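Thank you for sending this model along for comment. My remarks are set out below as numbered points, to be read beside the structure.

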Amino acid sequence: MAAAVPLLLLLLLPTTLMAASAASGGEKSTHIKLYWHDVVSGPSPTAVPVAQAAVTNTSKTAFGMVVVIDDPLTEGPDLKSSKPLGRAQGTYVGAGKDELSLMMNMNFVFQAGEYNGSTVAIMGRNAVFDAVREMAVVGGTGAFRMARGYAQARTHTFDLNTGDATVEYNLYIKH
């Protein structure tokens with residue numbers, strides 16, 4: 001019985017430290033609104049298909065397609081005139097067989113402003129025709145080390161001729 005007490009204290013220590021850190025104001029909440037520009041057209045695309053399944057060619061939902069991205073992130077919706085904030089680097093995969101939904105796996109890499117040099121890792125399902133899509137913030141670096149939270153995506157513009165899209169992202173981050 002006496003040996004169990006130190007073991008119990010050792011097991012409770014991380015929880016106690018995390019609660020103390022949060023109570024002492026060690027944790028911050030941050031909201032960031034920015035725009036993600038997925039450019040698939042033209043001479044310099046920022047989203048490039050790199051693999052696909054045999055069924056992708058006949059799929060109405062791009063099921064099985066893997067796309068690598070290095071998409072610009074800006075302060076406003078206009079790619080040409082808005083202040084650049086960084087890049088969204090990662091992949092998205094056509095994951096819905098019967099509906100257009102993507103599995104997103106990307107890092108928002110901040111290259112300007114208050115969060116320059118920091119990253120936020122985002123992962124989750126993106127049902128692109130839903131008005132609002134929610135994905136998980138699963139980590140980060142720099143100012144966002146140990147981040148958690150969620151990202152909400154809303155399509156701002158989608159060009160049916162080119163396939164290019166601008167999406168408003170609202171990040172709600174605890175770090």
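1. I begin with a polar contact in this predicted model: the side chain of Asn-170 makes a polar contact with the side chain of Glu-168, at 2.9 Å. Asn-170 is placed in strand 9, and since its relative accessible area is 6%, under the 20% cut-off, Asn-170 counts as buried. If neighbours within four places in sequence are left aside, Asn-170 is in contact with His-31, Ile-32, Lys-33, Tyr-150, Ala-151, Gln-152 and Arg-154.

2. As for the overall architecture, the protein has one helix and nine strands, and, read from the N terminus, the order of elements is α-β-β-β-β-β-β-β-β-β. Of the 175 residues in the protein, 35% are buried. Among contacts with a separation of 6 or more, 46% are between residues 24 or more positions apart.

3. A second side-chain contact deserves a look beside that of Asn-170: the side chain of Thr-30 makes a polar contact with the side chain of His-175, at 2.6 Å. Thr-30 lies in strand 1, and because its relative accessible area is 10%, where buried means under 20%, Thr-30 is classed as buried. With neighbours within four places in sequence left aside, the residues in contact with Thr-30 are Tyr-115, Phe-144, Leu-171, Tyr-172, Ile-173 and His-175.

4. Which residues does the search for aromatic pairs bring out? A search of the whole structure finds seven aromatic pairs, one of which is formed by Phe-108 and Tyr-169 in an edge-to-face arrangement, with 5.3 Å from centre to centre and 80° between the planes. Because Phe-108 lies in strand 5 and Tyr-169 in strand 9, this pair ties together parts that are 61 residues apart in sequence. Both Phe-108 and Tyr-169 are buried, and ring pairs link these two residues with Trp-36 and Tyr-92 into a cluster.

5. Another aromatic pair, that of Tyr-115 and Phe-144, is tilted, with 4.8 Å from centre to centre and 45° between the planes. Here Tyr-115 lies in the loop between strand 5 and strand 6 (119-126), whereas Phe-144 lies in the loop between strand 7 and strand 8, so the pair ties together parts that are 29 residues apart in sequence. Tyr-115 is buried, with a relative accessible area of 17%, and Phe-144, at 0% relative accessibility, also counts as buried. Tyr-115 and Phe-144 both appear in the list of residues in contact with Thr-30, which connects this point with the third.

6. The largest pocket holds about 530 Å³ of space. It is lined by 22 residues, of which Asp-38, Tyr-92, Leu-102, Val-128 and Phe-158 are the closest to its centre. Strand 1 (29-38), strand 2, strand 4 (84-94), strand 5 (102-110), strand 8 and strand 9 (165-174) each supply at least two residues of the lining. By class, the lining of the largest pocket consists of 16 nonpolar, four polar and two charged residues. Tyr-92, named here among the residues closest to the centre of the pocket, is also a member of the aromatic cluster with Trp-36, Phe-108 and Tyr-169.

7. Two backbone angles may merit a second look, given that most residues other than glycine have a negative phi. The phi of Ala-62 is near 60°, a positive value, and Ala-62 is found in the loop between strand 2 (47-51) and strand 3 (66-74). The phi of Met-146 is likewise positive, near 65°, and the place of Met-146 is in the loop between strand 7 (133-141) and strand 8 (148-158).

8. Are these two loop residues buried, partly exposed or exposed? Ala-62 is partly exposed, with a relative accessible area of 26%, whereas Met-146, with a relative accessible area of 70%, is exposed.

9. Lastly, Val-50 lies in strand 2, and because its relative accessibility is 53%, which is over the 50% cut-off, Val-50 counts as exposed. Leaving aside neighbours within four places in sequence, Val-50 is in contact with Val-66 and Val-68. The C-alpha atoms of Val-50 and Met-65, which are 15 residues apart along the chain, are separated by 7.8 Å.

Key
Residues numbered from 1 in each chain as written. Heavy atoms only, no water. Helix = DSSP H or I, 4+ residues; strand = E, 2+ residues; numbered from the N terminus. Buried < 20%, exposed > 50% of the residue type's maximum accessible area, 1.4 Å probe, protein only. 1 Å grid on protein atoms, 1.4 Å probe; cavity = no way out; pocket = protein on both sides within 12 Å on 5 of 7 lines; lining within 4 Å. Points joined across faces, edges and corners; volume = space filled by probe spheres on them. Nonpolar A, V, L, I, M, F, W, Y, C, P; charged D, E, K, R; others polar. Phe/Tyr/Trp six-rings, centres within 6.5 Å; stacked < 30°, edge-to-face > 60°. Polar contact = N/O pair within 3.5 Å; in protein donor to acceptor, adjacent residues only side chain to side chain. Contact = heavy atoms within 4.5 Å.
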